[in-house]
Amino acid sequence: MIRSARLISSVKFGQKNIRQFSTNWWANVQKGPEDPILGVSIAYNKDTSPSKINLGVGAYRDENGKPYVLECVKKADKKIYEANVDHEYAPIVGVAAFNQLAAQLALGEDCKHIKEKRIATVQSISGTGALRIAADFFARFLKGKTAYVPNPTWGNHNVIFADAGIPVKSYGYYNPSTCGLNFDAMSKDITAAPEGSIILLHACAHNPTGVDPTTEQWKKISQICKERGHFVLFDFAYQGFASGSPEKDAAAVRMFVEDGHNIALCQSFAKNFGLYGERIGAFSILTESPEQALNVESQLKILIRPMYSNPPVYGARLVQAILKDKELTNEWRSEVKGMADRIINMREQLVKYLKKHGSTRDWSHITTQIGMFCFTGLTPEQVDRLANEYHIYLTRNGRISIAGINSTNVEYLAKAMAAVTKDN
C-alpha cells in the first residue's frame with residue numbers, strides 16, 4: 001500500500017480510524033517577483049498626472065501613443081474573410097506557405113538552402129516560441145553544449161535556455177562608458193568559449209541596448225565562430241523595423257549563411273507586422289542536405305506535438321496573404337519603413353531638445369543606436385527621479401522604448417533628462 005505524504009493525523013471514531021488529509025497542496029509555493037517591465041506599466045497606470053510618459057512599453061505606438069494596425073494587415077484581413085476559409089487544424093509544422101515565405105524574407109529568395117531544400121522551417125508561437133523550440137531541440141541534439149548570450153540581452157533568453165536544461169553563459173557586449181559596443185570583449189569571449197558552443201546573436205536592433213556591430217565587426221564574428229566551430233543561433237525579431245529596409249536588417253544573417261554557417265533562425269512578426277497578439281513566428285535550421293532537413297523536421301514535429309500540438313493559423317494567414325501579394329508586400333515595405341523612420345526621427349528630436357535645454361553630455365549614442373530600444377546611460381537613481389519628479393517611467397537600467405516618445409512629449413522628456421543628469 002502506498003501511503004500519502006499528505007497524511008496529517010488519524011482520528012479514532014469508535015473502532016475505526018479515519019485518516020485526515022490536507023488539501024493545501026500549494027502551501028510551499030511562494031510569490032515570484034514581478035516582471036520589471038510589467039512593474040513599470042503598473043506604476044504608470046497608477047499615476048494620474050497628465051504629463052506621464054511610459055517608456056517601458058515593448059510595442060510600437062503611433063504619433064498619438066496608440067497601437068498601430070498596418071493598412072496592409074487590414075487588407076489581408078479582408079481577403080481572408082472574403083475567401084471564406086475554414087478553421088481546421090494546421091499541420092504540426094504550421095502553414096506550409098507561410099513557412100516558405102518567412103524563410104525567403106529572412107534569407108532571400110536566392111538562398112541556396114531554400115532552393116536545394118536544405119532547410120527545415122516550422123511555424124512557431126512568435127519569437128519566444130521559436131526560441132523555446134530551439135532550446136528544447138538543442139537540449140536533445142546538442143547535449144552538453146553551453147549557450148552564450150550577450151550581456152545584456154533580452155531577459156527571456158537566459159530563462160528559456162535554463163528551463164530547457166541548457167547551461168547559459170554570457171559574452172561581453174555593451175560598454176557603459178561609451179553606450180556602445182564592447183567589441184574587444186565580445187570577440188575575446190566568443191573566442192574563449194569551448195569549441196562547438198551555441199552562440200546567440202541578435203540579427204539587428206539589439207534588445208535592450210540598440211547597439212549593433214558594424215559590417216566589418218560582423219565579418220570578424222563570423223570568422224571567429226567558424227574557427228571555433230561554434231553553432232550560431234540568430235534571434236531575428238525586427239526585420240525591416242530597425243532600418244526600414246528588410247534587406248539591410250537581414251545583412252548579418254545572410255552574411256553568416258554565405259560564409260558557410262548552417263545557422264538556426266528565430267523569427268518574429270510581432271513588431272514588423274504589428275501582429276503582437278497573433279503570436280506568429282518561425283524557427284528554421286539550415287542543414288547540409290535535403291535528407292538532413294527532413295530528419296530535422298521530423299524531430300521538430302516530435303518535439304512540438306506534446307508541447308502545443310500545432311500552431312494557430314490566423315497570424316500565418318495574414319503574413320502569407322501579404323508576402324505572396326506583390327502589391328501588399330510593397331505596401332508593407334512602405335509601412336514598416338514609416339514606423340522605422342518615426343523611431344529614427346524621435347531619436348534625433350530627443351537629442352536636439354536635450355541640447356536645447358542645456359545638457360552638455362554627449363548624447364550621440366541615442367542616434368547611433370538603432371531600433372525600438374535605447375540604453376540611455378541613465379543611472380537607477382536618475383531613473384527614480386524621472387518617475388518621482390517628472391512622472392516618466394522606464395526600467396531602472398536606463399532602457400527606454402523610443403516608441404513611447406512622440407512630438408507632444410519629446411521636449412518634456414528631454415527637459416527632464418537634462419535636469420536629472422545636470423550634475424553628472
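**A tour from Lys271 outward**

Begin by selecting Lys271 in this predicted model; leaving out residues up to four places away in sequence, Lys271 touches Gly58, Ala237, Tyr238, Phe241, Tyr276, Met339 and Met372. Trace the backbone on either side, and you will find Lys271 in the loop that runs between strand 11 (264-268) and strand 12 (280-286). Now add Gly58 to the selection and show its backbone, for the backbone oxygen of Gly58 lies 3.3 Å from a polar atom of the Lys271 side chain. Which side chain of opposite charge is nearest to Lys271? It is Asp235, but at 9.4 Å away, and Lys271, although buried, has no salt bridge.

Next, zoom out and colour residues 51-416, the span that UniProt, in an unreviewed entry, lists as "domain: Aminotransferase class I/classII large". The C-alpha atoms at the two ends of this span lie 11 Å apart, and the span is 47% helix and 15% strand.

From there, move to Val149, which lies in strand 5 (residues 147-151). Is Val149 buried or exposed? With a relative accessible area of 1%, Val149 is buried. If you display its surroundings, setting aside neighbours within four places in sequence, the residues in contact with Val149 are His157, Asn158, Phe161, Val168, Lys169, Ser170, Tyr171 and Leu200. Select Tyr173 as well, and the C-alpha to C-alpha distance from Val149 is 9.2 Å, for two residues that are 24 apart in sequence.

The last stops are salt bridges, of which a search of the whole structure finds 16. Select Arg342 and Glu63, which form one with their closest N and O atoms 3.4 Å apart. Arg342 belongs to helix 13 (residues 326-356), whereas Glu63 sits in the loop between strand 3 (53-54) and helix 2 (71-82), so this pair ties together parts that are 279 residues apart in sequence. Arg342 counts as buried at 11% relative accessibility, while Glu63, at 27%, counts as partly exposed.

Stay on helix 13 and select Lys337 and Asp341, which lie four residues apart, about one turn of the helix. Their side chains meet in a salt bridge at 2.7 Å, N to O; Lys337 is partly exposed at 41% relative accessible area, and Asp341 is partly exposed at 31%.

Finish on helix 15 (residues 380-390), where Arg385 and Glu389 are likewise four residues apart, about one turn of the helix. The closest N and O atoms of their salt bridge are 2.9 Å apart, with Arg385 partly exposed at 32% and Glu389 partly exposed at 42%.

Definitions and conventions: Residues numbered from 1 in each chain as written. Predicted model: local features only at pLDDT ≥ 70, side-chain atom pairs only at ≥ 80, totals over all residues. Heavy atoms only, no water. UniProt positions renumbered as here; feature names shortened; annotations may be inferred. Buried < 20%, exposed > 50% of the residue type's maximum accessible area, 1.4 Å probe, protein only. Lys, Arg positive; Asp, Glu negative; His and termini not counted. Salt bridge = Lys/Arg side-chain N within 4 Å of Asp/Glu carboxyl O. Polar contact = N/O pair within 3.5 Å; in protein donor to acceptor, adjacent residues only side chain to side chain. Contact = heavy atoms within 4.5 Å.
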